Amino acid sequence: MINNIKICKNENCNKTVKGRRDRLFCSGYCKSEHHYAEHKKSGKVYFKSQVDEILRKNRAILAKYNTRNGTEIASEIMLEKGFNPRFFTHFWTNLTGETFYFCYDQGFKENKSGFGDKYTLVTWQKEMERQVFK
Ligand SMILES: [Zn+2]
């Protein structure tokens, strides 16, 4: 019966599972590969690589839209591209108390005034170092 065809639970495998009804994997190899992958996803190393990936992506998106220092852009556009404002490497505050969040050398500030939400994009300047490095 076609309904009984089961596909191996290992994400990297598309083989059908034969044999006992409660079997989930086509082979012992697939079973251990699947459990290894699950273990990796739950670990600290995996979390670090996820964060690294988000920061790398954020930086690339910021750099793409930051055509000149001080560019304003609708936050919606950035978010659609996958920008995640919760992840940044450090922040810097200017004399009027506005905080800019950076992903390495690319920074942004949320502007809640005017139509919709916007980001002001800036690049890291040498003189900002005094505030953040001890
Ligand atoms: Zn398999």
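Reader: Hi! How many helices and strands does the chain have?

Author: Its secondary structure comes to 4 helices and 7 strands. Keep in mind that this is a predicted model.

Reader: Okay. And what pattern do they follow along the sequence?

Author: Reading along the sequence, you get β-β-α-α-β-α-β-β-β-β-α.

Reader: Is the chain spread out or compact?

Author: Spread out. The radius of gyration is 23 Å, while the globule rule gives 14 Å for 134 residues, so the chain is more spread out than a compact globule. Along the principal axes, the C-alpha atoms fill a box of roughly 70 × 40 × 20 Å.

Reader: What does the domain assignment give?

Author: Domain 1 covers 2-42 and domain 2 covers 52-132. The centres of domain 1 and domain 2, taken over C-alpha atoms, are separated by 43 Å.

Reader: Now the sheet. Which order do the strands take?

Author: The order is 3-7-6-5-4, in an open sheet of 5 strands with antiparallel pairing. At the edges sit strand 3 (71-74) and strand 4 (90-93), each pairing on one side only. From one strand to the next, the twist averages 30 degrees.

Reader: What holds strands together in a sheet, generally?

Author: Strands of a sheet pair through backbone hydrogen bonds, and the pairing can be parallel or antiparallel.

Reader: Let's take the edges one by one. How many bridges are there between strand 3 and strand 7?

Author: There are 4 bridges between strand 3 and strand 7 (residues 118-123), in the antiparallel sense. Ala74, for example, has Lys118 in strand 7 as its bridge partner.

Reader: And at the other edge, how many bridges join strand 4 to strand 5?

Author: Strand 4 is joined to strand 5 (residues 99-103) by 4 bridges, and these two run antiparallel. Opposite His90 you'll find Phe102 in strand 5.

Reader: How many residues lie between strand 4 and strand 5?

Author: There are 5 residues between them, and the two strands form a hairpin. Look at Gly97 in the turn: its phi is positive, about 85 degrees.

Reader: Switching topic: which residues have the most contacts inside the largest nonpolar core?

Author: They are Leu62, Phe100, Tyr101, Phe102, Phe108 and Leu121, in a core of 13 residues. Helix 2, strand 5 and strand 7 each supply at least two residues of this core. Strand 5 gives the most, with 4 residues.

Reader: Tyr101 caught my eye. What is it in contact with, neighbours within four places in sequence aside?

Author: With those left aside, Tyr101 is in contact with Phe88, Phe91, Gly107 and Phe108.

Reader: What about Asn66, where does that lie?

Author: Asn66 lies in the loop between helix 2 (44-65) and strand 3.

Reader: Does Asn66 count as buried or exposed?

Author: Asn66 counts as buried, because it has 20 C-beta neighbours inside 10 Å, and the cut-off for buried is 20 or more. Leaving aside neighbours within four places in sequence, Asn66 is in contact with Thr71, Gln106, Leu121 and Thr123.

Reader: And how far apart are Asn66 and Phe88?

Author: In space they're 16 Å apart, C-alpha to C-alpha, and in sequence 22 residues apart.

Reader: Last one: what share of the chain do buried residues make up?

Author: Buried residues make up 16% of the 134 residues. As for contacts with a separation of 6 or more, 39% are accounted for by residues 24 or more positions apart.

Methods
Residues are numbered from 1 along each chain as its sequence is written. This is a predicted model: local features need pLDDT of at least 70, side-chain atom pairs count only at pLDDT 80 or more; totals for chains, interfaces and linings use all residues. Two strands pair if DSSP finds at least two bridges between them. Axes are lines fitted to C-alpha atoms, for helices over the stretch in contact, and angles run from 0 to 180 degrees between N-to-C directions. Domain bounds come from an automatic or database domain assignment. A residue is buried if 20 or more other C-beta atoms lie within 10 Å of its own, exposed if 12 or fewer, and partly exposed in between; C-beta atoms are placed from the backbone. Two residues are in contact if their C-beta atoms, placed from the backbone, lie within 7 Å. A nonpolar core is a set of buried Ala, Val, Leu, Ile, Met, Phe, Trp, Tyr and Cys residues joined through C-beta atoms within 7 Å. The radius of gyration is taken over C-alpha atoms; the globule rule is 2.2 Å times the number of residues to the power 0.38.
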